[in-house]
Amino acid sequence: MLPFKKILCPTDFSEPACKAIIAATELAQASGAELILVHVVAPIPALDTASGAPAFDLASYQDELVRSARLALEERRRRRVPDSVSSRALVTIGDAAHEVTRIAEEEGADLIVIATHGRTGWHLRIFGSVAEKVVRLARCPVLTVPCHPEDAPAPR
């Protein structure tokens with residue numbers, strides 16, 4: 001496990017996730033590890049077109065979401081990860097927690113660095129916590145980077 005050879009860092013492009021990228025980058029730099037940034041695009045539920053509603057090209061829309069995420073993730077990698085750190089970006093589609101742990105296993109990651117968003121109460125119960133699920137599902141160590149109240153996203 002030590003020194004780390006591969007560190008996986010998922011991001012949802014939020015401010016807490018940026019802090020996790022900074023932490024993961026510092027760890028990768030200190031240990032000479034490869035840093036893999038990951039973004040998971042949520043699948044789009046199928047629409048019922050049998051009711052006579054206009055057809056919507058879900059595949060093209062999903063492709064555009066993935067393309068846009070790739071561009072944003074590459075930009076984040078260029079801005080936040082120095083050239084001295086070996087890094088790459090991966091974008092996938094699916095359930096975030098399951099995809100993060102699947103990729104970590106496939107890549108042979110030694111560590112996952114993930115941000116928490118500081119959600120509590122009903123918001124946490126309804127929406128769940130990707131970080132909490134990753135901690136439960138991962139087969140490698142997980143470092144959580146906590147979100148402090150001033151960093152937390154405003155409730156919607």
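**Group meeting: a five-strand sheet and its two cores**

I'll start with one residue, Val 113. Leaving aside its neighbours within four places in sequence, Val 113 is in contact with Ile 7, Leu 8, Cys 9, Pro 10, Ala 20, Ala 23, Ala 24, Leu 27, Leu 143 and Val 145. Keep in mind that this is a predicted model.

Where does Val 113 belong? Val 113 is among the residues with the most contacts inside the largest nonpolar core, together with Ile 7, Cys 9, Leu 35 and Leu 37. That core has 21 residues. Two or more residues come from each of S1, H1, S2, H2 and S4, and H1 gives the most, with 4. As background, nonpolar side chains in soluble globular proteins tend to be buried together.

There is another core, apart from this one, with 15 residues. Its members include Ile 36, Val 40, Ala 104 and Ala 138.

Now the sheet. It is open, has 5 strands, and pairs in parallel in the order S3-S2-S1-S4-S5. Which strands are at the edges? Strand S3, residues 87–93, and strand S5, residues 142–145, each pair on one side only. From one strand to the next, the twist averages 25 degrees.

Strand S1, residues 6–10, runs parallel to strand S4, residues 111–115, and 2 bridges join them. Ile 7 has Leu 111 of S4 standing opposite. Helix H1, residues 15–31, packs on this sheet and touches S1, S2, S4 and S5. The direction of H1 makes about 155 degrees with that of S4.

Next, helix H2, which spans residues 58–80 and lies across S2 and S3. H2 runs at about 160 degrees to S3.

The last helix I'll cover is H3, residues 96–107. How far does H3 reach? From the first C-alpha to the last, its 12 residues cover 16 Å, close to the 16 Å expected at 1.5 Å a residue.

Which residues of H3 are buried? They are Ala 97, Glu 99, Val 100, Thr 101, Ile 103, Ala 104 and Glu 107. Note that two glutamates, Glu 99 and Glu 107, are on that list. In general, an α-helix has 3.6 residues a turn, so residues three or four places apart point the same way. The cover over the buried residues of H3 includes S1, S2, S3, S4 and helix H5, residues 130–137.

After H3 comes Gly 108, with a positive phi near 70 degrees.

To recap the cores: one has 21 residues, and the other, apart from it, has 15. That's what I have.

Notes. Residues numbered from 1 in each chain as written. Predicted model: local features only at pLDDT ≥ 70, side-chain atom pairs only at ≥ 80, totals over all residues. Heavy atoms only, no water. Pairing = 2+ DSSP bridges. Axes fitted to C-alpha atoms, helices over the stretch in contact; angles between N-to-C directions. Contact = heavy atoms within 4.5 Å. Core = buried A, V, L, I, M, F, W, Y, C linked by side-chain atoms within 4.5 Å. Buried < 20%, exposed > 50% of the residue type's maximum accessible area, 1.4 Å probe, protein only. Expected span 1.5 Å × (residues − 1).
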